[in-house]
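Q: Please take a close look at one part of this chain: the packing between neighbouring helices and the strand pairing that goes with them. Begin with the overall make-up.

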Amino acid sequence: MDPRRRAIVATLSAALATRSLPTNAQQPTSLRTVGVLMGLANDAETQARAKVIEQGLAKKGWVVGQNLRIEYRFAAGDFERMLNLSKELVALRPDVIIGHSTPVVAALHKVTETIPIVFVVVADPVGSGFVASIARPGGNITGFSVLQPTITGKYLSILRELKSQLTRVALMYNPASVPSGGAYYRPGFMESAKEFNVTPMLVEVHSSGEIESVMADLGAVPGSGLIVMPDNFTSANRPIIISLAAQWRIPAIYPYRYFVDDGGLLSYGVDVLDLFRRAPDYVDRILQGEKPADLPVQAPRKFELVINLKTARALGLVVPRILLAGADALIE
């Protein structure tokens with residue numbers, strides 16, 4: 001082919017190729033990596049959370065297998081495993097890590113002060129030392145908080161509605177799984193117990209055997225109630241807690257809906273899936289170049305009250321109309 005003709009053909013081909021590209025086409029991006037460390041086991045609940053993370057990131061243009069890789073790890077409530085998995089994820093040098101729960105973020109905080117961390121379901125990020133302040137986190141960590149310490153007053157109010165003869169209430173938690181070893185919730189609980197004229201019991205549990213002992217003690221005294229605080233340990237042990245509450249006929253209130261789906265009486269708390277839906281926004285902003293230090297910690301927006309009517313009937317409880325009217329879901 002004549003050199004002049006070859007040059008003309010090449011120019012036309014380049015022009016056509018350029019015109020064939022859509023106006024919003026982007027240049028290929030390198031694969032980015034997001035680590036996700038869940039405090040719970042790899043079960044249906046965590047799979048639902050993983051799904052909303054991926055859906056949220058896809059809406060921002062981050063698609064698994066195209067420009068994104070996600071490395072999931074599941075600690076199953078095991079504190080030693082949380083630390084080991086934190087080290088494992090950090091060794092992969094991800095661009096961002098999503099950390100679920102206070103003990104998980106504490107483990108991540110121990111092993112990296114540089115990789116950005118977006119936490120989900122952390123109650124007291126300032127008191128736990130993760131951030132300098134809610135408005136200006138100041139380090140490599142930010143995210144989405146969960147419950148305020150005053151939530152225990154709400155729990156007591158609901159239990160009193162369910163059982164007017166309530167005389168004592170136990171607050172159950174694992175000190176290794178909750179903020180400040182449980183001190184975050186104690187003052188509000190003690191004050192509310194005084195207001196409602198019930199005897200408060202602070203119950204720390206570390207094993208299934210201790211759970212059994214506590215539940216038997218509660219069941220032996222009429223007028224007892226139970227508040228199960230949100231932590232990885234109580235979530236992992238919810239089958240035994242729910243079963244013993246039924247056996248000993250103890251009215252119990254739980255922090256999350258999945259307790260009630262599994263047969264628990266009632267739950268009131270943050271819609272955790274909503275927090276996981278919101279987390280991809282911060283992940284995207286960090287991947288785009290923003291720093292966690294400048295992204296304020298966000299509070300929960302959605303709470304839900306769920307009642308298991310079948311369990312209520314089995315316990316001989318009549319659910320007041322005010323609770324029925326305010327419920328987000330009723331399970332028959």
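A: In this predicted model, the protein chain has 13 helices and 12 strands. Its C-alpha atoms fill a box of roughly 100 × 40 × 35 Å along the principal axes. Of the 332 residues in the chain, 52% are buried. Among contacts with a separation of 6 or more, 69% are accounted for by residues 24 or more positions apart.

Two packed helices are described by the angle between their axes and the distance between the axes. For helix H3 (residues 79–91) and helix H4 (residues 102–111), the axes come within 9 Å and cross at roughly 45 degrees. Angles under 35 degrees count as roughly parallel and those from 65 to 115 as roughly perpendicular; H3 and H4 are therefore oblique to each other. The crossing of H3 with H4 is right-handed. On the H3 side, the residues that meet H4 are Phe-79, Met-82, Leu-83, Ser-86, Lys-87 and Val-90. Their counterparts in H4 are Pro-103, Val-104, Ala-107, Leu-108, Lys-110 and Val-111. By class, the contact of H3 with H4 has 9 nonpolar residues, 1 polar and 2 charged.

Next, the strands. Strand E3 (residues 96–100) pairs with E4 in the parallel sense, over 4 bridges. One of the bridge partnerships joins Ile-97 to Ile-117 of E4. Strand E4 itself spans residues 117–122, and 6 of its 6 residues are buried, so E4 is largely enclosed by the rest of the structure. Here, buried means under 20% relative accessible area.

A further helix pair is formed by H5 (residues 151–162) and H6 (residues 186–195), whose axes come within 8 Å and cross at roughly 35 degrees. H5 also passes H6 in a right-handed crossing. H5 contributes Thr-152, Gly-153 and Leu-156 to the contact, while H6 contributes Gly-188, Phe-189, Ser-192 and Ala-193. The residues of this contact divide into 3 nonpolar and 4 polar, with no charged residues.

To set the two helix pairs side by side: the contact of H3 with H4 includes 2 charged residues, whereas that of H5 with H6 has none. The crossing angles are roughly 45 degrees for H3 and H4 and roughly 35 degrees for H5 and H6. Right-handed crossings are found for H3 with H4 and for H5 with H6.

How values were computed: Residues numbered from 1 in each chain as written. Predicted model: local features only at pLDDT ≥ 70, side-chain atom pairs only at ≥ 80, totals over all residues. Heavy atoms only, no water. Axes fitted to C-alpha atoms, helices over the stretch in contact; angles between N-to-C directions. Helix = DSSP H or I, 4+ residues; strand = E, 2+ residues; numbered from the N terminus. Left-handed = near helix turned anticlockwise from the far one by under 90°. Contact = heavy atoms within 4.5 Å. Nonpolar A, V, L, I, M, F, W, Y, C, P; charged D, E, K, R; others polar. Parallel < 35°, antiparallel > 145°, perpendicular 65-115°, else oblique. Buried < 20%, exposed > 50% of the residue type's maximum accessible area, 1.4 Å probe, protein only. Pairing = 2+ DSSP bridges.
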